[in-house]
Amino acid sequence: MPQMAPISWLTLFILFTIIFMLFNIMNYFCIVFTPTSKESETTSQLTPPSLNWKW
């Protein structure tokens, strides 16, 4: 592909850079702002049953 003009290489580089940055930003905000479920909060407050064995 050496017959491609340098402006095409520049636009491809910019396009792929923007796509890469958008992908990373979307992944970051999807991981950081995941909603926590109410079930996980209630299970952490429950006390585990006593495991004292009575022979």
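**Note on the predicted model: aromatic pair and nonpolar patch**

1. Tyr-28 is partly exposed, with a relative accessibility of 49%, because this value lies between the limits of 20% for buried and 50% for exposed. The structure discussed here is a predicted model.

2. One aromatic pair is found when the whole structure is searched. Tyr-28 and Phe-29 are its partners, in an edge-to-face arrangement with 5.1 Å from centre to centre and 75° between the planes. The label edge-to-face applies because an angle over 60 degrees is counted that way. Phe-29, like its partner, is partly exposed, at a relative accessible area of 42%.

3. Both rings of the pair also belong to a nonpolar surface patch of about 760 Å². Its members are Phe-20, Met-21, Ile-25, Tyr-28, Phe-29, Val-32 and Phe-33.

4. Where in the secondary structure is Ile-25 placed? This member of the patch lies in helix α1, which covers residues 6-32. Ile-25 has a relative accessible area of 42% and is therefore partly exposed.

5. For the chain as a whole, the secondary structure consists of two helices and zero strands. What share of the 55 residues counts as buried? The figure is 0%. The accessible surface amounts to about 5,900 Å², and carbon and sulfur atoms contribute 74% of it.

Methods
Residues are numbered from 1 along each chain as its sequence is written. This is a predicted model: local features need pLDDT of at least 70, side-chain atom pairs count only at pLDDT 80 or more; totals for chains, interfaces and linings use all residues. Side-chain values use heavy atoms; hydrogens and water are left out. Helices (H or I, at least four residues) and strands (E, at least two) are DSSP runs, numbered from the N terminus. Buried means under 20% relative accessible area, exposed over 50%, partly exposed in between (1.4 Å probe, protein chains only). Accessible areas come from the Shrake-Rupley method with a 1.4 Å probe; for residues, only the protein chains shown count as cover. Rings of Phe, Tyr and Trp (its six-membered ring) pair if their centres lie within 6.5 Å; planes under 30 degrees apart count as stacked, over 60 as edge-to-face and the rest as tilted. Patches are made of residues with over 30% relative accessible area and no salt bridge: like charges are joined within 9 Å, nonpolar side chains (Val, Leu, Ile, Met, Phe, Trp, Tyr) within 5 Å. A salt bridge is a side-chain nitrogen of Lys or Arg within 4 Å of a carboxyl oxygen of Asp or Glu.
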